[in-house]
Structure formats: structure tokens, C-alpha cells
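I sat down with this one to see how its pieces fit together, and I kept notes as I went. Here is the structure I was looking at.

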Amino acid sequence: MFAILALLIGIALGIWLEPSLPTGLTTYLPIMIVAALDALFGALRAWFDGTFSDRVFAVSFFSNVLIAALIVFIGDQIGVGSQLSTAVVVVLGIRIFTNAAAIRRAIFHA
Amino acid sequence: MPDESDVEARHAADDGSVAGESHGRSLRDLVRALTRPSASQILLAAVLLVFGVGVGTQLTTKAADDPYATARRADLIQLLDTANAETSRLETEIEALKATRDKLQSGVDSAKVAQTEAQNRLDNLAILNGTVPATGPGIRVVIYDPSQKVTASTLLDAIEEFRDAGAEVIEINDSIRVVASTWFGGANGALVADNAAISLPLVIDVIGEGHALEEAARFRGGLVSQVQQFGGTVTITQESTVSITAVRALPQNRYARPA
């Protein structure tokens, strides 16, 4: 319950406060959000598997986000930023679908 | 994500925070977990709060900014290059079209000038050849010659004097147009011009400068004094509008061709 409330409050805060992002970060935020989504789905799957740990989740969440941003940042430095960001989104998307499939099996047994 | 699952499983085992259930949970468990919040969910809530702020920020950024604000430098440069190439291509097209327009316009102008020139020349030649009616200021000369002594040469002299005085169009008796090839003949009292008999009294309409034409008839030894010697009279009236309607068919040249 706390979790969902916190999520909604966070979204509301982001929309209402309109925190001004540093311009260097604007290209990385979408990638970071996709990485965070991946971590969330992974955590949900782990919960259904009975192997969930909030500390592991917190660590994996931030490390996922940082690594995704770092990969794209390095790609930008060596001139393949857009290609690498596409690659990261594709890989994370595949993982999200895989996890979603596992969650679906856990909920519907199908 | 098998690796991460393993890692998480190991961590969970170390941590011991996992519920003691053997394996697998159902939707009912999830609902129960959500409706009965425990202290362990605080960290989860904090992480989700951060995630929520990120999503909210991204949503507002996306909504507020134009699509180019988040575009990469390389993409922007490519867009700019494309726009520049398009601009120069369109400018070239504009130049070409302008040149075509100017060419067509000057062509129209010169064609108009040529047409006006040709029309002027045509009008001139038509009046000169007597193929069209003409109107303009001039004089009307009426010769009363009861003794019928006016000869063809007298008439020809008078015509020549009118021409010297600048006569542009000459007509006799409202029916005979006098042109370059007109000839006069016949005996006294039965004058003939271009095969047409000239009835009396003789009327000559002349278009030209009225005063000069009148002087051309009145000078000593001219038409007026000659006719008066025969006992006839001449009346000359200057008119602001002399209308000459007699026309003459244009003879076809059999031999001469424009060079």
C-alpha cells in the first residue's frame, strides 16, 4: 500500500513541481525510466517467485538505472549514442516482456 | 533474467526477509501484501517515489518542450544539413523561375512593341494606298467652271500643289480617291480620273494643314487665279473635320516583291 501511494505521490510531485532537469540529463532520463521499469518488473517477478528482497530491489534498481545511463553516456562520447540508446531500450524491452510473461504465469497460471 | 533472479534469491536467503513460504505466490498474496503494509515496504516505497518523480518529470518535459530540445547533437546537425540543402535547392529553383519569368515578360514586351510598330506602318500604308477611309482637319475646294475650261493638267497641277503643301489624303467629288498612281485625262468638260468621269462642279476634299493647303491654291498663278482666268470661281473652306470615305482596291503587284 505504501508502495503504490508513494508511486502516485512521486508522479504527482514530478508533474506539479516541474523540477528543472540539467540539460545534460534530458537525453538520459527516458533511458533511466525504461531501466527502472525493467527493475520494477524484475522485482515483481521475484516477489511472485518468493525470492523478493527490498534491499536487493533497491540496489538493483539504482544500479540498473545508472548502468543504462552510463552505457548511453559512453555511446554519446564515442559517437554511437543514438544507436546504443536504441540497443539498451531493445534489450530492456525484451527483459520487461520476459518478466511480464513470468508474472502472468504466476497470476493466471497460464 | 535468470542471473539476477539467482542473485536476488541468494541475497534474500542471506537477508532472511523473505516470507517463509516454500515457493511461489498468487494474486491473492499480492492483494494481501498491499492491503496490509509492513515496515519492510518503506524502502520499496522510497524507491518507487524516486521512480515516480522521474516519470513525472519526463512527462512534463515531453509535454512542455518541442521535440528538438531532447534531440542529439548529431541528429540536429543532420536536420540542419537537410534543411540547408533544401533551402539552396529551392533558391536555385527560384532563380531559374525568375529568369524564365523575366525572359517571358521581355518577350511579351518586344512582341507588343513590334505589333504597335507594324500596326502604325499598316495604317500609314493603308491611308497612302487609299484602301481605308480617312478623317482629319483639312479643306474643301469647290470649283465652279461654267465655261468648262478646266483641263486635266490644271487639275493635276492643283493636286501636286496640295501634295507639296502637305496633303495626306485627297478625294475628288466624294467618289474618287487620289493616290500615287491616279491619272487625269479627258477633254475639257469631260474630265476623267482613274477611268471615272468627273462631274461638275468639281469638289476636292483634302486632309492636311488647312492654312498651308489654302495658300497652295490661292498663290498667284495657282488654281484659284487659273480658274478665275477662265471665268470660273473657286470657294475654299477650312474644316476641322474632313471625312473621306472613298476607297480604292489595292492592285496586286505582278512582278515586284519585297526585297
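My entries follow, starting with confidence and ending with the strands.

**Entry 1: confidence**

I began by reminding myself that this is a predicted model. For chain A, I looked up the mean pLDDT and found 85, with 98% of the residues at 70 or more. Where in chain A is confidence lowest, and where is it highest? The low end is helix α1 (residues 2-17) of chain A, with a mean of 78. The high end is helix α4 (residues 81-108) of chain A, at 90. I also noted for myself that coordinates should not be read in detail where pLDDT is low.

**Entry 2: α2 against α4 in chain A**

Next I checked how α4(A) sits against helix α2 (residues 29-49) of chain A. Their axes come within 9 Å and cross at roughly 20°. Since angles under 35 degrees count as roughly parallel, α2(A) is therefore roughly parallel to α4(A). I recorded the crossing as left-handed.

Then I listed who touches whom. On the α2(A) side I found, among others, A:I31, A:V34, A:L37, A:F41, A:L44 and A:F48. On the α4(A) side the residues include A:V88, A:V89, A:L92, A:I96 and A:I103. A:D38 and A:R45 of α2(A) take part too, as does A:R95 of α4(A). Sorted by class, this contact has 15 nonpolar, 3 polar and 3 charged residues.

**Entry 3: α3 against α4 in chain A**

I then turned to helix α3 (residues 54-78) of chain A, whose axis comes within 7 Å of that of α4(A), with a crossing of roughly 155°. Angles over 145 degrees count as roughly antiparallel, so that is how α3(A) stands to α4(A). The crossing here is right-handed.

Which residues meet in this contact? From α3(A) I noted A:A68, A:I71, A:V72, A:G75 and A:D76, and from α4(A) A:G81, A:Q83, A:L84, A:S85 and A:V88. They divide into 5 nonpolar, 4 polar and 1 charged. A:S85 and A:V88 also turn up in the contact of α4(A) with α2(A).

**Entry 4: where the chains touch**

How many residues does each chain bring to the contact? I read off 46 from chain A and 44 from chain B. On the chain B side, α1 (2-15), α2 (27-35) and α3 (41-64) each supply at least two residues. The largest share there, 21 residues, comes from α3(B). By class, the side of chain B that touches chain A has 21 nonpolar, 16 polar and 7 charged residues.

**Entry 5: strands of chain B**

I finished with the strands. Strand β1 (residues 134-144) of chain B pairs with strand β8 (residues 233-244) of chain B in the antiparallel sense, over 10 bridges. Within that pairing, B:I143 stands opposite B:V234. β1(B) also runs antiparallel to strand β7 (residues 202-207) of chain B, joined by 6 bridges. There, B:R140 stands opposite B:D205.

I also found an open sheet of 3 strands in chain B, in the order β4-β5-β6 and with antiparallel pairing. Why do β4 (184-185) and β6 (196-197) of chain B stand at the edges? Each has a single partner strand, so one side of each is left without a neighbour in the sheet. β4(B) and strand β5 (residues 192-193) of chain B pair over 2 bridges, and B:G185 has B:V192 as its bridge partner.

Technical notes: Residues are numbered from 1 along each chain as its sequence is written. Chains are lettered from A and ligands numbered from 1 in the order in which they are written. This is a predicted model: local features need pLDDT of at least 70, side-chain atom pairs count only at pLDDT 80 or more; totals for chains, interfaces and linings use all residues. Two residues are in contact if their C-beta atoms, placed from the backbone, lie within 7 Å. Helices (H or I, at least four residues) and strands (E, at least two) are DSSP runs, numbered from the N terminus. Ala, Val, Leu, Ile, Met, Phe, Trp, Tyr, Cys and Pro count as nonpolar, Asp, Glu, Lys and Arg as charged, and the others, Gly among them, as polar. pLDDT is the predictor's confidence in each residue, from 0 to 100. Two strands pair if DSSP finds at least two bridges between them. Axes are lines fitted to C-alpha atoms, for helices over the stretch in contact, and angles run from 0 to 180 degrees between N-to-C directions. Angles under 35 degrees count as roughly parallel, over 145 as roughly antiparallel, 65 to 115 as roughly perpendicular and the rest as oblique. A crossing is left-handed if the near helix is turned anticlockwise from the far one by less than a right angle, and right-handed if clockwise.
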